[in-house]
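Here is a short tour of a model with two chains. Keep the sequence and the structure side by side as you read.

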Amino acid sequence: MIKISVSNLNFFYGKAQALFDISIDVLEKEVIAFIGPSGCGKSTFLRTLNRMNDTIPIARADGSVKIDGTDIYAPNTDVVALRRKVGMVFQKSNPFPKSIFDNVAYGIRINRIHKDKADLAVRVEKALYDAALWDEVKDRLQTSAFGLSGGQQQRLCIARALAVQPEVILMDEPASALDPIATQKIEELVVELKKKYTIVIVTHNMQQAARVSDRTAFFMLGKLVEVNPTQKMFTNPNEKLTEDYITGRFG
Amino acid sequence: MEKRLIDQQLDTLRDEVLLLGGKAESAVQKAMKALTTRDSKLAQNVLDEDRIINQMELEIDRMSVEIIALHQPAAHDLRLVISVAKITPVLERLADHAGNIAEAVLIINNEPELRYFPEMSIMSDHAVEMLRSALDAFIAEDAEAARQIIARDKMIDSSYKKVFSEIIAMIINDPTTTTSAAQLLFVAKHLERIGDYVKDLCELTVYLADASIIKHSLKR
């Protein structure tokens with residue numbers, strides 16, 4: 001089933017066009033990886049999926065991005081609700097200067113998702129559990145989030161995204177600043193999260209794309225060159241350009 | 001295009017497979033020459049050289065594992081390493097069959113000479129020619145040529161049936177030839193198996209060239 005359907009999307013920073021006529025469907029509860037050299041537009045494209053680019057004054061998009069059949073660029077779109085539905089995890093973990101509990105509770109509180117205090121605690125626990133962090137932090141929920149390791153902070157950010165019950169999670173190089181063990185935990189988490197969520201992940205790490213994603217999309221100079229099942233992309237891609245990139249001939 | 005770090009290693013890997021293939025081809029040729037010329041020394045040489053072939057197999061294995069571990073190849077690079085890793089034992093086993101022919105020759109040469117079986121030479125020439133073409137197709141990554149070589153295996157199979165009947169007839173007519181004739185039957189069987197291994201090699205060439213897996217498939 002199609003979760004996100006993008007048709008003929010063009011994206012501009014002022015006069016500079018960053019994305020050219022992108023059309024792609026993202027299926028429900030799949031992990032799709034976006035790969036491509038720096039500056040190819042993969043992160044820009046990721047941010048069009050929950051209108052994160054709206055924060056850039058000169059940014060402009062045309063074409064359509066539909067989530068569950070609804071155009072998210074329609075004038076009446078509730079962008080806050082959209083970003084609740086389509087959560088995001090960034091390259092650098094960015095916990096709030098608050099306790100572990102309050103970091104996760106933040107989105108629940110401002111969106112008034114919880115019924116009462118006990119419900120809030122349950123939701124925080126569930127989000128931490130789903131982010132594979134609960135066992136490591138359950139005895140220090142009231143301590144500062146800054147006391148966590150880099151990998152734990154990143155999983156805390158994932159827990160924060162999960163707490164508001166999103167349906168899609170966008171991940172922009174979520175493990176690029178982490179050591180191999182922390183990276184492995186994030187990757188295991190991505191595979192686990194796929195049971196409940198649709199995940200779009202931007203990565204520079206080709207092996208990571210190969211390990212965690214069901215499909216891979218290759219971007220180059222703002223264009224979508226190829227999207228195919230990951231196994232196909234890494235053994236026999238359709239496009240010579242894709243082959244050259246994944247075998248390190250450029251990029 | 002700029003050379004990548006992996007390129008030199010892949011080139012070496014290709015070269016090593018070609019060398020191993022050449023050794024295997026030479027082993028078959030020498031074993032068959034030893035049979036037709038009743039040259040036990042040459043047969044012994046084939047057996048002695050088998051150790052070198054085994055060492056080459058181990059070295060190619062080591063290189064393949066190293067490339068996978070250190071370079072994490074993908075796409076065509078990956079298919080090349082995987083094909084080589086699968087072709088190497090095929091070539092080693094093919095050379096083992098040459099060794100088995102050489103062993104048979106050593107026994108046959110202790111017995112009175114038998115009549116000449118032209119079909120056996122046809123079979124052997126055909127097997128060697130198929131092997132040579134298969135190695136060329138592998139290096140050229142020519143899937144079409146590989147497919148054509150696979151089709152030629154039927155000729156070896158048909159020669160094998162002829163040779164088999166002729167040798168059985170000889171045993172019936174003259175039971176004193178049984179010892180040598182039985183060994184000749186083994187030789188024919190080894191040649192037939194060599195044809196099968198060349199087929200495996202060609203299937204892997206098709207995989208390398210266009211990622212199609214034709215092994216165990218009815219449509220080639």
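## A long helix in chain B

Right after α1(B) comes R38(B), with a positive phi near 55 degrees. Helices here are DSSP runs of H or I with at least four residues, strands are runs of E with at least two, and both are numbered from the N terminus. Helix α1 of chain B covers residues 5–37, which makes 33 residues. At 1.5 Å a residue it should span 48 Å, and its end C-alpha atoms are 49 Å apart, so the two values agree. The expected span is 1.5 Å times one less than the number of residues.

The model is predicted: local features need pLDDT of at least 70, side-chain atom pairs count only at pLDDT 80 or more, and totals for chains, interfaces and linings use all residues. Residues are numbered from 1 along each chain as its sequence is written, while chains are lettered from A and ligands numbered from 1 in the order in which they are written.

## Chain B as a whole

What is chain B built from? It has six helices and zero strands. From the N terminus on, the order is α-α-α-α-α-α.

Its C-alpha atoms fill a box of roughly 65 × 40 × 25 Å along the principal axes. A compact globule of 220 residues would have a radius of gyration near 17 Å; chain B has 19 Å, which agrees. That radius is taken over C-alpha atoms, and the globule rule is 2.2 Å times the number of residues to the power 0.38. Of the 220 residues, 40% count as buried. Buried means that 20 or more other C-beta atoms, placed from the backbone, lie within 10 Å of the residue's own.

## Chain A as a whole

Chain A mixes ten helices with ten strands. Its radius of gyration is 18 Å, close to the 18 Å that the globule rule gives for 251 residues, so chain A is as compact as a globular protein of that length. The C-alpha trace spans about 55 × 45 × 35 Å along its principal axes. Buried residues make up 44% of the 251.

## An open sheet in chain A

Four strands of chain A form an open sheet in the order β2-β1-β4-β5, with antiparallel pairing. Two strands pair if DSSP finds at least two bridges between them. The edge strands are β2 (16–27) and β5 (70–71) of chain A, and each pairs on one side only.

Strand β1 (residues 2–13) of chain A pairs with β4(A) over eight bridges. One partnership joins V6(A) to V65(A) in β4(A). Strand β4 (residues 59–67) of chain A pairs with β5(A) over two bridges. There, I67(A) has T70(A) as its bridge partner. The hairpin of β4(A) and β5(A) has two residues between the strands, and D68(A) takes a positive phi near 50 degrees.

## Core and contacts

The largest nonpolar core holds 136 residues; A159(A), V200(A), A24(B), A31(B) and A134(B) touch the most other members. Helix α3 (residues 75–108) of chain B gives the largest share, 16 residues. Such a core is a set of buried Ala, Val, Leu, Ile, Met, Phe, Trp, Tyr and Cys residues joined through C-beta atoms within 7 Å.

Which residues does A31(B) touch, not counting those up to four places away in sequence? They are A43(B), V46(B), A98(B), I101(B), A102(B) and V105(B).

Where the chains meet, eleven residues of chain A are in contact with ten residues of chain B. Contact means C-beta atoms, placed from the backbone, within 7 Å.

How values were computed
A residue is buried if 20 or more other C-beta atoms lie within 10 Å of its own, exposed if 12 or fewer, and partly exposed in between; C-beta atoms are placed from the backbone. Two residues are in contact if their C-beta atoms, placed from the backbone, lie within 7 Å.
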